[in-house]
Amino acid sequence: MQAKARPRSTEGQQYTSWDRARLSIVVPIGVIVAVAIVCIVVTVLSSAEHADKFAVDHERQLLSRAIDSYGTHILREVDSVTSTDAATHNIRDKFDRPWFQRRVALWLESFFDQDLVFVVDASGKLVYSLADRKNSDASWFKAAQPDLAPVIGALRAQAAGPPAGAAAPGDAANRQIVMVRKFLGRPAIVAAVAVGLASSPGGERTAPIVGSVKYIDQTMLAGIAARLRLANLHAAGEKPAARREFVYALRDPAGATIARFAWTPQQPGADIVNSVVPFIAVALAGFALLAMFVLRYMRRTAAAISAGETRLRHLAMHDPLCGLPNRIFFGERLEAVIEEVREGRPPAAVFYIDLDHFKEVNDTLGHPVGDELIRNVTLRLSHTLRGDDLVARLGGDEFAVISSVGAEPDKMLTIAQRLIATICAPYLINKQTIVIGASIGIAAIEKKSGDAADIMRYADIALYRAKNEGRNRACVYDAAMDADLSNRKLLEADLRHTIENGALKLVYQPLVNNSGAAIVGVEALCRWTHPQRGAISPAEFIAIAEHSGLINELGQWVLRRACTDGLAWPGVSVAVNVSPLQFRRSDFYDIVHRTLTETGFDPARLELELTESTLIGNAETAEAAMIRLKALGVRLALDDFGTGYSSLQYLRRFPFDKLKIDQSFVSSIEKAADAAAIVHAVVSLGRGLGMKVTAEGVETADQHLFLRAAGVHSMQGYRFGKPMTAAEITARLKAPATGRPNDEIAAFAG
Ligand code: C2E
Ligand code: CA
Ligand code: CA
């Protein structure tokens, strides 16, 4: 039942709030770390790319410079063998073929590894040609005209101009040129020197030209590659570069591509990436691991906190003693049910349960027993109710139930009766039998019932009514009770005032012997005359006093007053009514003892009138208290016998000196045969148990006669005297007894 009443929604909110808290920490940290990692990766990749680009650029420049330096080199070789005076003489002045062959061509061809050596005279005619170590015919010359013309043209144009820079000694005689260009369809370095230019003024037109061609072939490329460490350098042809290859386009001075060289460039970036990647991977794995640990830790912490919160909430919403939902929980649930009913769900009802005599159990048997009793009551209530009903402990001895029974009074009362019967069945705690009672106030929850506070007030009013109607009862609230209650509250305040001011009055009703001739005792009865409302019946104000706790002060006052007044009536017993609430107090014995001592009243003349309800709740304690009181010499009477449980067991068990047959029996003697039979039976029972029997409410002579015949010891009633002041009792006692006391007493009683 309690489980069903758990406020799930609020717990759900707790979980989401925890998730939110977790997100608010973990997500930003995760995002920051992820962004940092992405930044690092991007930086590494882009710097790797930069490094690669830089490396390729560098290698391209190296290649380009290597080819250029080949040119310079070749030119220097050609120049070195053509710039001597002998060369000027043998080439320019008069072309000496054998000399040239020996000292220039073979030199260039064999030692310097040129591919083609030739001489062109001033008229542009080929005078010498050597290719592949043999005097070649001139057939290539024609084919090479387009390739050669720009070189020779450029050289002659240069020769016509002023000398470029200071010529080195010895070679000042020549003008020279080197060009990288296509030669006979192949990429080549073409070097040319105008021989003996310096020594023949105006000779720029007549100077023969010695030329040399070196093809940029695979051998040259291999040499460059080895020197520059260019991997896999080769002529690339027209095909696009293979993967990871870079292509360099070699251009002639006019800008036309003469060859494409490809090689596999070094990739320092890739190396960087390769060496950094494992590090990043390890860092990432580390981070992931750390994140996992942090998340797990946080999840655990969150779960622990959430569990703690749930526990705290449970503690805050439940009664620690019995585990039932508490007042706060009940209030929340009540509001929810009210809302549901307003929205069209069927009506429900609140049962406000107050245990009778719980306080006494607590006071007399101790709190552990009281606690155990509460737990027992809890169990029984839980078992009696339906699954979707809620039972809560509102505090002390107050419980409340929200039931979906509906708002029909009959049904509500049936349930209430069942609850009362369950609670009232005897409990066995610590080997002691404990009987308690319960009063229930019921308020229906309907569409227009008002809010939770209203409904609880209605239930409280109904409870008040139930208690005043005699306990172990249930009452359903109706609007008329409201006025009644406020009326009672006013009366309660007035009564408190009256007691404090000592303004209550005590009257005494005589008890006469069975002949009615002699007053053998008096019963003290309390009177309250309200300044505005006049006389208020004891039935009304005693109930108010009991409900408000004022009964203790009232009872003490009555006892003291009666003992004081009784001093004036020697030989007459004085009976005082004791409310169950008074009797159950642990200090009751002391109060009686003190009052007797202080007033000097003879205990043997004091008679305490108890009702059966005094004994309900805890027979053992009641019995013990009775025994102590009797030890003082005080006598005990069982009042109103026949109205309550009329339990013969009680009669047998408890040490009563007297039994007072309730006036309801007496008044029915003449009308109902069974009433007469019962009176007979009770009298003989009392006598059998050694008790005195008194009949109350004797009003007629017939009743008197019947009771006298039945064997009643004493009688009380209007026939013998209405309650009267102490002074009147004193006067009555002093009046001389007549031969026909009955009539006189009756006449006196008026
Ligand atoms: P009770 O103890 O049964 O008192 C007897 C009641 O019967 C008295 O009512 C008395 O006036 C009434 N009575 C006596 N003879 C007759 C009769 O011939 N006919 C009728 N119809 N009634 C008769 P009262 O004084 O109104 O008291 C009502 C109840 O209030 C008492 O019932 C008693 O239980 C309670 N009560 C009165 N004074 C005190 C008190 O000082 N302390 C306590 N705890 N209860 C008191
Ligand atoms: Ca009485
Ligand atoms: Ca009585």
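Let me start with the spacing of the donor residues around the calcium ion that is ligand 3, which in sequence reads D-D-x55-E, and let me say straight away that we are looking at a predicted model. The residues behind that pattern are Asp 639, Asp 640 and Glu 696, with Glu 696 listed twice through its OE atoms, and the coordinating distances run from 2.2 to 2.4 Å. If you look for these residues along the chain, you will find Asp 640 in strand S22, residues 635–641, whereas Glu 696 is in the loop between strand S24 and helix H23, so that parts of the chain 56 residues apart are linked by this pair.

Are these two residues buried or exposed? Asp 640 counts as partly exposed, because its relative accessibility is 25%, while Glu 696 counts as buried, because its relative accessibility is 8% and the cut-off for buried is under 20%.

Now let us move to the neighbouring ion. The calcium ion that is ligand 2 lies 3.7 Å from the calcium ion that is ligand 3, and Asp 639 bridges the two. Which protein donors does ligand 2 have? They are Glu 523 (OE), Asn 577 (OD1), Glu 609 (OE) and Asp 639 (OD), at 2.1 to 2.3 Å from the ion, and their spacing along the chain is E-x53-N-x31-E-x29-D. Because Glu 523 belongs to strand S18 and Glu 609 to strand S21, this pair ties together parts that are 86 residues apart in sequence. Both count as buried, with a relative accessible area of 4% for Glu 523 and 1% for Glu 609.

Finally, please turn to ligand 1, which sits in the largest pocket. Around ligand 1 there are 20 residues, and the closest of them are Gln 509, Arg 527, Gln 663, Glu 699 and Tyr 718. Strand S18, helix H14 and strand S22 each supply at least two residues of this shell, and the largest share, four residues, comes from S18.

Some names from the calcium sites come back here. An oxygen atom of ligand 1 is 3.0 Å from a side-chain N or O atom of Asn 577, and for Asp 639 the distance from a ligand 1 oxygen to such a side-chain atom is also 3.0 Å. In Glu 696, a polar side-chain atom lies 3.4 Å from an oxygen atom of ligand 1. As for how much of the ligand is covered, ligand 1 on its own has 790 Å² of accessible area, and the protein covers 81% of it.

Note on methods. Residues are numbered from 1 along each chain as its sequence is written. Chains are lettered from A and ligands numbered from 1 in the order in which they are written. This is a predicted model: local features need pLDDT of at least 70, side-chain atom pairs count only at pLDDT 80 or more; totals for chains, interfaces and linings use all residues. Side-chain values use heavy atoms; hydrogens and water are left out. Donors are N, O and S atoms within 2.8 Å of the metal (3.2 Å for Na, K and Ca); water is not among the atoms, so sites may look incomplete. Buried means under 20% relative accessible area, exposed over 50%, partly exposed in between (1.4 Å probe, protein chains only). A residue is near a molecule or strand if one of its heavy atoms lies within 4 Å of it. A polar contact is a pair of N or O atoms within 3.5 Å; within protein, one must be able to donate a hydrogen and the other to accept it, and residues adjacent in sequence count only if both atoms are side-chain atoms. Accessible areas come from the Shrake-Rupley method with a 1.4 Å probe; for residues, only the protein chains shown count as cover. On a 1 Å grid over the protein atoms alone, a cavity is a set of points where a 1.4 Å probe fits but cannot get out, and a pocket is an open set with protein on both sides within 12 Å along at least five of seven lines; lining residues have an atom within 4 Å of a point. A molecule sits in a cavity or pocket if more than half of its atoms lie within 2 Å of its grid points.
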